[in-house]
Each structure stands twice: as C-alpha cells, then as structure tokens.
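Okay everyone, thanks for coming. I'll put the structure up, and then we'll walk through it together.

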Amino acid sequence: MGGIYAHKSNFLDRHVQVALTQGRLISASFPTEPESGAGNKHDLLDRVEAYLAGDPDEFDDVQVALTVPTDQRQVLETVQTVPYGETVTVAQLERMTPGFDPDGDHSPEIQQAVAANPVPLFIPTHRVRGVAGTAPAGVAEKLRAVEGL
C-alpha cells in the first residue's frame, strides 16, 4: 500500500510521517504538521508508537527504497546493522562499512551519508555518535533515550 501517512506523537511533540510506494518506505520525517491529505492509519505508524512507548523494535523487516549514491548507501546499510540499544562512533562505522579503505579517512563520507538519510529511525542514524542526522536534534535525543543510550 502506498501513500503518505502521519500520526501525532505526544512523546516527540511532533508528527511521525512516512511515505511508502509499492510496500517500500521511501521517506520518514518528524514534521510539526503533517502533509495535507496524509492518512493517519498505517501498521508502521502503530509500530513506531509502540517503539516510542518502549517496545524494542529493530524495524529490520521494513523494506527501504534508498535513492542515494552508492557510497552513502553502503554507509546507511551498515548503520542498519547497529542493534537496538547500541551505538557506534564514526571511526567504528568506517571500519564496519564494506568498501572503505581501513587506512583512509572516510569521516566526511559518513557525515554526508548520515546527513542524507531519508528514513531516520528506520535507518537508525541516532545510534551514530558524533554526527548529526536528519532527525531534528530534539527527536534524535528522544530516540536515544527510548533505547537507553
């Protein structure tokens, strides 16, 4: 089922908004107001609400359609492997990401990839320490708090 769906999160004091096409997640955001015409019922929004209430969820079964350059895709796919309740540093992420020279400095590429993440929470860039993601700072802080980070 495709479309745009949004639900007000009292915990975040914002909406959680997702966009799907052909069953794949193409974007997630945390706007103060949802897009006009956004639906308010979707199973994925129910799962997010449960996650925000403290029910652990890796969201690893959610199919994400990434439309980012290959080097950013590699970084974001690696971020998806960071388990719930754990964090990594940029240096650790550099070592974990396939295709990166272990002796090179890839922190700029990692920062760019994290900053380009179209689906924060579902690709949990809030678990990467020392770099700002696409979720608003207050939202990222609350996501970390939910996971005890």
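Before we look at the sheet, one bit of vocabulary: two strands count as paired if DSSP finds at least two bridges between them. Also, keep in mind that what you're seeing is a predicted model.

So, with that in hand, in what order do the three strands of the open sheet come? The order is 1-2-3, and the pairing is antiparallel. Strand 1 and strand 3 are the edge strands, since each of them pairs on one side only. On average, neighbouring strands here are turned by 20° against each other, if you ignore direction. And something sits on this sheet: helix 1, residues 43–52, packs on it and touches strand 1, strand 2 and strand 3. The direction of helix 1 makes about 25° with that of strand 1.

Let's go through the pairs. Strand 1 covers residues 3–9, and seven bridges join it to strand 2. If you want to find one of these pairs on screen, look at G3, whose bridge partner in strand 2 is L20. The two strands make a hairpin with four residues between them. In that turn you'll find D13, which has a positive phi of about 60°.

Now the other side. Strand 2 pairs with strand 3, residues 24–29, over five bridges, again antiparallel. Here L20 has L25 as its bridge partner in strand 3, and V18 stands opposite A28. This is a hairpin too, with two residues between the strands, and Q22 in the turn has a positive phi of about 50°.

Is strand 2 mostly buried or exposed? Six of its eight residues, 14–21, are buried, so strand 2 is largely enclosed by the rest of the structure.

That takes us to the inside. The largest nonpolar core has 41 residues, and the ones with the most contacts inside it are V18, L25 and F122. Several elements each supply at least two residues of this core, among them strand 2, strand 3 and helix 5. Which helix gives the largest share? That's helix 1, with five residues.

Let's zoom in on L25 for a second. Leaving out neighbours within four places in sequence, its contacts include V18, L20, L44, V64 and F122. So V18 and F122, which I named with L25 for the core, are also on the contact list of L25.

Last stop: two residues further along the chain. M96 lies in helix 3, residues 90–96. How accessible is M96? Its relative accessible area is 37%, so M96 is partly exposed. Not counting neighbours within four places in sequence, M96 is in contact with T78, T81, V82 and V88. Its C-alpha atom is separated by 9.0 Å from that of V79, and these two residues are 17 apart along the chain.

Then there's T97, in the loop between helix 3 and helix 4. Buried means under 20% relative accessible area. T97 has 3% relative accessibility, so T97 counts as buried. Residues up to four places away aside, T97 touches Q74, V75 and T78. You may have spotted that T78 is on the contact list of M96 and also on the list of T97.

That's my tour. Thanks for listening!

Conventions. Residues are numbered from 1 along each chain as its sequence is written. This is a predicted model: local features need pLDDT of at least 70, side-chain atom pairs count only at pLDDT 80 or more; totals for chains, interfaces and linings use all residues. Side-chain values use heavy atoms; hydrogens and water are left out. Buried means under 20% relative accessible area, exposed over 50%, partly exposed in between (1.4 Å probe, protein chains only). Contact means heavy atoms within 4.5 Å. Axes are lines fitted to C-alpha atoms, for helices over the stretch in contact, and angles run from 0 to 180 degrees between N-to-C directions. A nonpolar core is a set of buried Ala, Val, Leu, Ile, Met, Phe, Trp, Tyr and Cys residues joined through side-chain atoms within 4.5 Å.
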